[in-house]
Amino acid sequence: MSERIAPAELSDPAAVINPTNFTGMTPLIEVKNLVKRFDDLVAVDDLSFTVYPADVYGFLGQNGAGKSTSIRMLLSLIKPTSGEISLFGMDLQKHRFEILRRVGAVIERPDLYKYLSAIDNLSIFARMSGIRPGRKQLMEQLEMVGLAERADGKVRTYSQGMKQRLGIAVALVHDPDLVILDEPTNGLDPQGIADMRNLILRLSREMGKTVLVSSHLLSEIEQVATRMIIIDKGRKMVEGGVAELFKPSNSRIHIKVEQPGRAWQLLQQSEWKPFMEQGPDGELIVIMSPDKVPALASELVQQGVGLLSIRSANSLEEYFLSLTSGKQHVASFKH
Amino acid sequence: MWPLLSIELYKIFSRPRTYISFAAIGAIVVLILLAFYVDGNNYMDFGLQSISQTFDIRGKVLNGYLVCYIILQTLLIHVPLLIALVAGDQVAGEANMGTLRLLITKPVSRTRLLLAKFAASVVYTLGLLVWMAFLSLLVSVIIFGTGDLMILKSEEVVLLDKADVLWRYFAAFGFAAIAMTTVAALAFLLSIYAENSIGPIVSTMSVIIVFTILSTLDIPIFNAIKPYLFTTHMIGWKGFFDSPVSWEPVVESALILVLHIVALLGVSIFVFNRKDILS
């Protein structure tokens, strides 16, 4: 815990933790049929999901999809209209204190007392969590997020990135088992985003924490999460292991050619037929592994079809893009 | 409870704005003392003009006790604003800063958190009153000395022996503490509904101003509602300067104010426990 976090070598998170082998494992978070209504607005609609120990669980959705409302219900900030939430095998309503002792969170912005120093903020929230660490332990915590040198500086003088790191230190000060980070990269510069990504991976791999991280950026979730959920309008659209959801066989290859009609006819008579779709503006879409693209391109060229462009997109990415652009009824996710 | 209260007190007394109230009271008291020191006798001559033709007034009328009474009468109208500045900020200020959501995710019940915050507001209120008592009573007595206290009321002149005055001030400050805690409880309740502290501060002062006007206007239609307005009872401290003290209305006013505090705090806890934290 006290060891300073150095930039991690990023690799496929799924290579470290098998995200699919949870047989017999007790869920760390279990949400069933969660509903939250604000008057006529249904913010969360019959949402169910499961987070297992050691997961880095990505909570993905466009702005306003219901991510923050769901996270606030997990942290007892908002009372659900209906549904069940259990953490560590305990009902949240009945065992709130026991559960919150084991949870650390940064919710949306890392807002802290600006008129106090970093170490004062840390001390206050440590005591609120039921522990009373000395200055040495607090300094170790600040050292871990690279803020030891500014420990006595007022938070109002901190940059956004420094506030975010201090927010993480506050979330971790009582050594929680579960860390919930709501949009942790918001407002950060590219270096800050990379640091945050490394920190999340360290939390999982070196400290053994379970992490639930929300984002509206698929790429962010893809790089750190072992399992993920996509929600839209408060409803679950997809849930599963990241490695599975992003597997290459799900890639959609977009092909633009000089004679789209002829190319479509040719491919309809070929082995590619079952995997073909017609895209907009005469674009051809083939669902296949990217390593088969050269063979397909070669076949088209041999038939005298001029290639204009070939673009590969993961079907999950397209699906998410369709959600964020409001075309979710047009696109369908094939998994 | 003490760890939570100590945290809340630390937060209150770490903010420069907290000391604005202490500085404001200090400045007003010093100015009044200075004015009386320089021009007090002229003020007394003017004040006693109406009764000096009927009565032969001898002795040191301008003394520390009288100056303290005048300061109390002047300041207790304005102190509610200073109380609302801090009490109205207790929950709304946290919501505005964004720290409320972090506090609620800690393993502390909302009721205990709220009680700690209210207790901290009460400590601040008492601190402000002790500061006011120190300046207005102690410093006045040091500068002007002691003497019999003569108070001009609308229908009578009350003359209190100097040996019979000091306990009345302690009782009056005790009563003022209850009255100001009522203001703190009102600002505290309004603070729960708001997401920045301006709203509860302005609302508290608006309620006090409107209620005070209704309490003081001598119009029959308002007389019926006066007993139900807490502002009517906030000036009950003056009852300690009657001779003899009319205990019944003083105690009744104190009890009504205590009931207001309990009710306002009860509603605050009820509302806060059911509130969705969206800030």
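How many residues of chain A are in contact with how many residues of chain B? In this predicted model, 23 residues of chain A are in contact with 18 residues of chain B, and the legends below take up that contact before turning to each chain.

**View 1. The side of chain A that touches chain B.** Two helices of chain A, α3 (96-100) and α4 (118-128), each supply at least two residues of the side of chain A that touches chain B. The helix that gives the most to this side is α4(A), with four residues. Sorted by class, the side of chain A that touches chain B is made up of 14 nonpolar, three polar and six charged residues.

**View 2. The two assigned domains of chain A.** The domain assignment divides chain A into domain 1, which takes in 13-102 + 176-245, and domain 2, which takes in 248-324. The C-alpha centres of domain 1 of chain A and domain 2 of chain A are 35 Å apart, and seven residues of domain 1 of chain A are in contact with five residues of domain 2 of chain A. On the side of domain 1 of chain A that touches domain 2 of chain A, there are five nonpolar residues, one polar residue and one charged residue.

**View 3. Two annotated stretches of chain B.** An unreviewed UniProt entry places the feature "transmembrane region" at several stretches of chain B, including residues 166-193 and residues 205-230. Over residues 166-193 of chain B, the chain is 100% helix and 0% strand, with the end C-alpha atoms 42 Å apart. Over residues 205-230 of chain B, the chain is 65% helix and 0% strand, and here the end C-alpha atoms are 13 Å apart.

**View 4. The packing of helices α7 and α8 of chain B.** Helix α7 (residues 166-193) of chain B packs with helix α8 (residues 198-216) of chain B at an angle of about 135°, and their axes lie 9 Å apart. Because of that angle, α7(B) is oblique to α8(B). The crossing in which α7(B) passes α8(B) is right-handed.

**View 5. The residues that meet between α7(B) and α8(B).** From α7(B) come Val183(B), Leu186(B), Ala187(B), Leu190(B) and Ser191(B), and these meet Pro200(B), Ile201(B), Ser203(B), Thr204(B), Val207(B) and Ile208(B) in α8(B). Taken by class, the residues of the contact of α7(B) with α8(B) are eight nonpolar and three polar, with no charged residue among them.

Key. Residues numbered from 1 in each chain as written. Chains lettered and ligands numbered in written order. Predicted model: local features only at pLDDT ≥ 70, side-chain atom pairs only at ≥ 80, totals over all residues. Contact = placed C-beta atoms within 7 Å. Nonpolar A, V, L, I, M, F, W, Y, C, P; charged D, E, K, R; others polar. UniProt positions renumbered as here; feature names shortened; annotations may be inferred. Domains from an automatic or database assignment. Axes fitted to C-alpha atoms, helices over the stretch in contact; angles between N-to-C directions. Parallel < 35°, antiparallel > 145°, perpendicular 65-115°, else oblique. Left-handed = near helix turned anticlockwise from the far one by under 90°.
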